[in-house]
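User: Please take a close look at one strand and its surroundings. Keep it simple and walk me through what sits on either side.

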Amino acid sequence: MSPEPVLDRFSYDAYLAMLLRFRDAGYRFAPFGQAERLLAEGRRFVLLRHDVDMDLDKARQMARREAEAGIAATYFFLVRTDHYNVFSRFGTERVGEIVGLGHHLGLHFDCAAYAGAGVAGLRAGCSREAGMLEAWFRAPVHVVSYHRPSELVLSGRPGLSAPRPHTYLPLFSRTIRYLSDSTGRWRYEYPPESEALLRGLPVQLLTHPVWYADVPQRPHQALRSILSAKADFLERSFAEHCRVMREGVTEPAGPGRDRQSDGDDRAWKDAA
Ligand SMILES: [Zn+2]
């Protein structure tokens with residue numbers, strides 16, 4: 001059974017204080033591509049990683065706070081998810097701002113979206129999705145993280161994401177200490193109290209922006225709040241696009257109104 005979450009740790013203030021503990025201890029915040037060099041030089045560093053699973057607004061809020069503190073992270077975005085769309089107007093604004101703040105762009109790759117694919121199929125999908133992010137946001141994608149990693153992924157095979165490295169390679173998950181807030185809990189070690197920080201060892205620090213807020217909520221409630229905000233957002237968007245939604249009435253079917261696209265076309269003219 002999972003331990004109870006310590007909610008205080010998931011306020012933005014506590015989050016930033018946690019990062020500053022590392023900086024005060026002589027750590028730098030580095031992109032994944034610098035890890036090998038920094039290791040060879042014996043430096044203290046944090047690979048700060050955010051897997052964006054549910055919500056772009058939450059990611060942007062975290063990105064802004066980090067940027068104010070002069071800290072750059074790597075944000076990993078899903079391309080084939082039903083939870084958000086990085087290519088929509090809304091999504092492009094948010095991801096574009098995150099990249100514009102100086103954060104690094106990564107691909108969060110869901111193998112489950114490629115049912116039955118082998119290593120070659122996953123590699124091809126990974127390359128295609130990374131290329132889409134790079135082309136749209138005009139920023140390089142140097143690294144891939146896996147959403148809900150399978151046994152195959154956890155085996156650390158480099159070929160899955162080649163030529164880009166992925167975050168479960170032994171370099172990133174074993175040589176470098178790995179600490180994660182998955183499910184809204186620091187289940188193994190809380191980073192400020194970790195052995196890694198005490199000993200000055202390099203760390204890959206994975207956080208998920210959905211768990212953080214000015215006033216944090218228990219993990220399940222945090223997700224319900226995001227869901228509720230999404231429902232409001234979609235309702236406003238439906239209303240913007242369709243008079244039926246704006247007026248809250250159901251028109252009777254009639255001549256020329258029995259095709260679904262007919263109502264949509266007229267609503268678009270209304271909105272214009
Ligand atoms: Zn994920």
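Analyst: Start with a term. Two strands pair if DSSP finds at least two bridges between them. Note also that this is a predicted model.

Now take strand S4, which spans residues 104–110. S4 is mostly covered, since six of its seven residues are buried. A residue counts as buried if 20 or more other C-beta atoms lie within 10 Å of its own.

Look at one side. Strand S3, residues 74–78, is joined to S4 by five bridges. S3 and S4 run parallel. One residue pair shows the link: Leu78 has His108 in S4 as its bridge partner. How does the chain get from S3 to S4? The chain passes through helix H4, residues 89–100, and this β-α-β crossover is right-handed.

On the way lies Asn85, in the loop between S3 and H4. Asn85 is partly exposed because 14 other C-beta atoms lie within 10 Å; the partly exposed class falls between 12 or fewer, for exposed, and 20 or more, for buried. Asn85 and Leu56 are 29 residues apart in sequence, yet their C-alpha atoms are 8.7 Å apart in space.

Next comes strand S5, residues 141–147. Five bridges join S4 to S5, and these strands run parallel. His108 appears again here: His108 stands opposite Ser145 in S5. Helix H5, residues 119–137, belongs to this part too. S4, H5 and S5 make a right-handed β-α-β unit.

To sum up, S4 has five bridges to S3 and five bridges to S5. His108 pairs with Leu78 and stands opposite Ser145.

How values were computed
Residues numbered from 1 in each chain as written. Predicted model: local features only at pLDDT ≥ 70, side-chain atom pairs only at ≥ 80, totals over all residues. Helix = DSSP H or I, 4+ residues; strand = E, 2+ residues; numbered from the N terminus. Right-handed = clockwise from strand over helix to strand, strands pointing away.
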